[in-house]
Amino acid sequence: MSTREALLPARYHNAVERWRETFIPDFDYLLEQWPQHFPKDPQFKLCAYRECQVCPHIECGQDKGKPKHVRAATMAPEQAHHLFGAIRAQASTEFGSIQQHRLTLARATSEEEQVWVLRMMAEELRHGYQMLHLLVEDDWSAVAEDSADDLVEGILAMQTGSHILGAFNIDFDSFLDNVVFCALIDRVGKYQLTMQKISAYKPMAESMPQMLREEAFHLATGVVPLRRLMVSAAKDEIYVTTTDVQQTINKWLPRGLEMFGDERGGGTNVRYGLKPKKNAEAQSEYVAEVQKLIDDLNMRFIRARLPKLKLAEAEALRRRVIEEGETVQGIAPEDLVRMPHPEFFRRRGVPAFQMVGFAGERFQRFRDYAHHLRQHLPSAYLAGRDFRDYLESLRQVVHGQISAVEASRRMPTLRRVAGSCPCSRAVRWVRDEPLEPSQPQAGEPSQPQTADAVT
Amino acid sequence: MDDSTDGVRVRALDTIDIGAVTRIDERIGGRYRPEVWERRIGYYLRRDPEAALVAEIDGEVAGFMLGEVRAGEFGLEEPTGWIEVLGVDPDHQGKAVGRRLAEAMLEHFRARGARTVRTLVDETMGDVAGFFERLGFEPATLKPYVKSLA
């Protein structure tokens with residue numbers, strides 16, 4: 001197992017460095033703190049890492065066993081189109097998450113957690129750099145209208161609100177968003193990177209191993225502080241309650257589920273050897289992992305609240321509270337966190353705009369569902385544009401003014417309107433134009449979809 | 001790493017396994033130490049996540065092993081694989097869980113360029129020493145010394 005380093009051409013490398021100065025202003029602080037918080041760890045380096053000796057043969061799909069593609073030009077047009085969309089979208093997510101994390105980084109409750117998130121942001125920058133490297137070093141002109149210059153500029157010019165995936169267009173409101181995002185959204189990233197490790201496009205497969213190594217720590221950056229917050233909540237420290245944690249999970253989990261793409265899709269990626277699993281299969285495995293995380297958080301709460309309990313007693317208590325709905329030794333069901341129903345608060349995929357409640361209950365009236373969401377989502381999020389736009393789209397769906405499919409496609413997309421500096425704020429918050437009838441509709445799994453193949 | 005011969009499946013440790021590792025440690029040692037494992041697992045996932053492994057039986061975590069490749073320890077300049085923590089749930093001892101974990105770990109160490117693997121074993125824990133000897137480990141000349149500063 002060995003890796004080689006590669007750099008972008010100087011003008012692109014410098015553009016990423018300038019982007020970093022804008023969106024990670026505390027980068028120098030991270031380097032200062034590095035020896036104290038990460039002694040013996042190699043210093044951060046902005047470069048692309050390529051794993052040597054990845055499997056040279058396509059590992060799934062119709063071309064299984066054939067040599068992996070080393071150039072996009074040898075791929076089938078639709079295959080290259082899917083792959084290009086995935087790389088571009090993944091680059092968007094990497095840069096997008098940094099823009100989100102920086103909003104509330106200063107509100108971290110401990111220096112350690114702040115430095116962890118800061119390191120994670122630097123590594124996300126490197127992941128974005130890695131994806132730009134894939135876009136720049138190959139010729140994508142068969143499937144991309146933009147030049148390499150325009151591709152890089154377009155990605156670096158994206159802002160929260162103009163990224164490709166919904167999860168990266170939502171503002172953070174507190175440090176709880178930072179840690180829940182790492183615990184839930186980075187976990188989706190882990191799935192996507194793991195699947196792309198077998199990509200039929202060899203440069204993609206070579207890019208995944210180092211990213212996955214770094215992603216393992218990103219998950220810890222979320223899960224470990226989250227566990228500590230559950231302890232604080234158990235001890236009735238007033239800063240964070242389990243209600244806060246629950247509502248933040250409710251805010252992010254639906255977006256995480258949608259990152260897998262439409263539940264009916266993913267077959268094209270498997271057929272072309274780009275991923276080994278269809279969307280629904282990967283999504284259901286993710287749901288099982290999040291359920292484990294939630295069980296674990298609850299055990300952390302119970303044992304912090306009742307430290308004299310033995311392991312088996314604590315496990316029995318958790319089951320009684322969660323499964324039977326009992327209050328046991330002062331711990332009530334609302335003291336613990338639960339997994340929202342997978343169809344709750346969805347705007348893409350099969351359950352999009354279906355008004356499914358937190359526990360899976362179905363609502364008929366818009367007003368009732370809006371009230372239900374208000375009870376289950378963080379108040380700061382309710383006041384933001386993302387929720388406002390969702391609710392407005394839902395209202396129109398319920399009143400028959402637009403279809404759920406049309407509402408699903410109302411995602412902000414990038415429109416460059418001026419400027420050439422990659423760090424310029426040259427992007428406006430805009431919506432897709434209404435679809436022409438002949439255009440593919442969201443939810444059609446056989447059609448290429450950006451959200452079908454992305455991190 | 002994902003094969004499941006003997007019903008034991010070895011995979012990379014994930015943060016959602018912190019609770020399971022804490023549980024196994026508690027079952028072995030009788031102490032509940034979640035903070036210790038949050039910190040240590042955070043460390044190993046940062047340093048070398050592929051050298052942080054768990055073994056599952058029927059979907060439940062039955063054991064774990066933590067290690068890393070380092071150079072420069074105690075004057076040993078060559079890259080050396082260090083096995084630093086091993087835990088097997090008492091209910092699953094004798095089912096080759098430790099052996100499967102060690103095999104996967106050694107394979108990873110080789111891939112990372114290590115030609116030697118080392119560990120430290122408390123002589124009072126004869127079962128652990130026997131475990132490593134059955135894997136082909138031999139006593140080394142490097143002997144630990146300790147002095148209390150209390």
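Helices α7(A) and α10(A) cross in a right-handed sense in this predicted model. To find them, look for residues 202–234 and residues 279–305 of chain A; the two axes come within 8 Å and cross at roughly 40 degrees. From α7(A), the contact takes in A:V223, A:L226, A:R227, A:M230, A:V231, A:A233 and A:A234, and these face A:L293, A:L297, A:R300, A:F301, A:A304 and A:R305 of α10(A). Sort those residues by class and you get 10 nonpolar and 3 charged, with no polar ones.

Two numbers keep turning up here, and for good reason: packed helices are described by the angle between their axes and the distance between the axes.

Now hop over to chain B, where another helix pair is worth a look. The axes of α1(B) and α2(B) come within 9 Å, crossing at roughly 130 degrees. How does that orient the two helices? An angle counts as roughly antiparallel if it is over 145 degrees and as roughly perpendicular from 65 to 115, so α1(B) and α2(B) end up oblique to each other. Their crossing, too, is right-handed. On the α1(B) side you'll find B:I18, B:V21, B:T22 and B:D25, which meet B:P34, B:W37, B:E38 and B:I41 of α2(B). That contact breaks down into 5 nonpolar, 1 polar and 2 charged residues.

These helices also look outward, to chain A. Between the two chains, 19 residues of chain B are in contact with 19 residues of chain A. On the chain B side, the elements that give two or more residues are α1 (18–29) and α2 (34–47). Which of them gives the largest share? That would be α2(B), with 7 residues. As for chemistry, the side of chain B that touches chain A has 8 nonpolar, 3 polar and 8 charged residues.

To see this at the level of one residue, zoom in on B:R46, which sits in helix α2 of chain B. Is B:R46 buried or exposed? Its C-beta has 21 C-beta neighbours inside 10 Å, and the cut-off for buried is 20 or more, so B:R46 counts as buried. Once you set aside neighbours within four places in sequence, the residues in contact with B:R46 are A:F38, A:D41 and A:F217. For a sense of scale within chain B, B:R46 and B:A102 lie 56 residues apart in sequence and 20 Å apart in space, going C-alpha to C-alpha.

That leaves the sheet of chain B. It is an open sheet of 5 strands in the order β1-β2-β3-β4-β5, and its pairing is mixed. The edges belong to β1 (8–12) and β5 (116–119); each has a single partner strand, so one side of each has no neighbour in the sheet. On average, neighbouring strands are turned by 30 degrees against each other, direction ignored.

Where does the mixed pairing show up? Strands of a sheet pair through backbone hydrogen bonds, either parallel or antiparallel. Follow β4(B), residues 80–88, and you meet both kinds. With β5(B), β4(B) pairs in the parallel sense over 4 bridges. In that pairing, B:G81 has B:V117 as its bridge partner, while B:I83 stands opposite B:T119. With β3(B), residues 60–70, the strands run antiparallel and are joined by 8 bridges. Here B:M65 is the residue to find, with B:L86 of β4(B) as its bridge partner.

Key:
Residues are numbered from 1 along each chain as its sequence is written. Chains are lettered from A and ligands numbered from 1 in the order in which they are written. This is a predicted model: local features need pLDDT of at least 70, side-chain atom pairs count only at pLDDT 80 or more; totals for chains, interfaces and linings use all residues. Two residues are in contact if their C-beta atoms, placed from the backbone, lie within 7 Å. Ala, Val, Leu, Ile, Met, Phe, Trp, Tyr, Cys and Pro count as nonpolar, Asp, Glu, Lys and Arg as charged, and the others, Gly among them, as polar. Axes are lines fitted to C-alpha atoms, for helices over the stretch in contact, and angles run from 0 to 180 degrees between N-to-C directions. Angles under 35 degrees count as roughly parallel, over 145 as roughly antiparallel, 65 to 115 as roughly perpendicular and the rest as oblique. A crossing is left-handed if the near helix is turned anticlockwise from the far one by less than a right angle, and right-handed if clockwise. A residue is buried if 20 or more other C-beta atoms lie within 10 Å of its own, exposed if 12 or fewer, and partly exposed in between; C-beta atoms are placed from the backbone. Two strands pair if DSSP finds at least two bridges between them.
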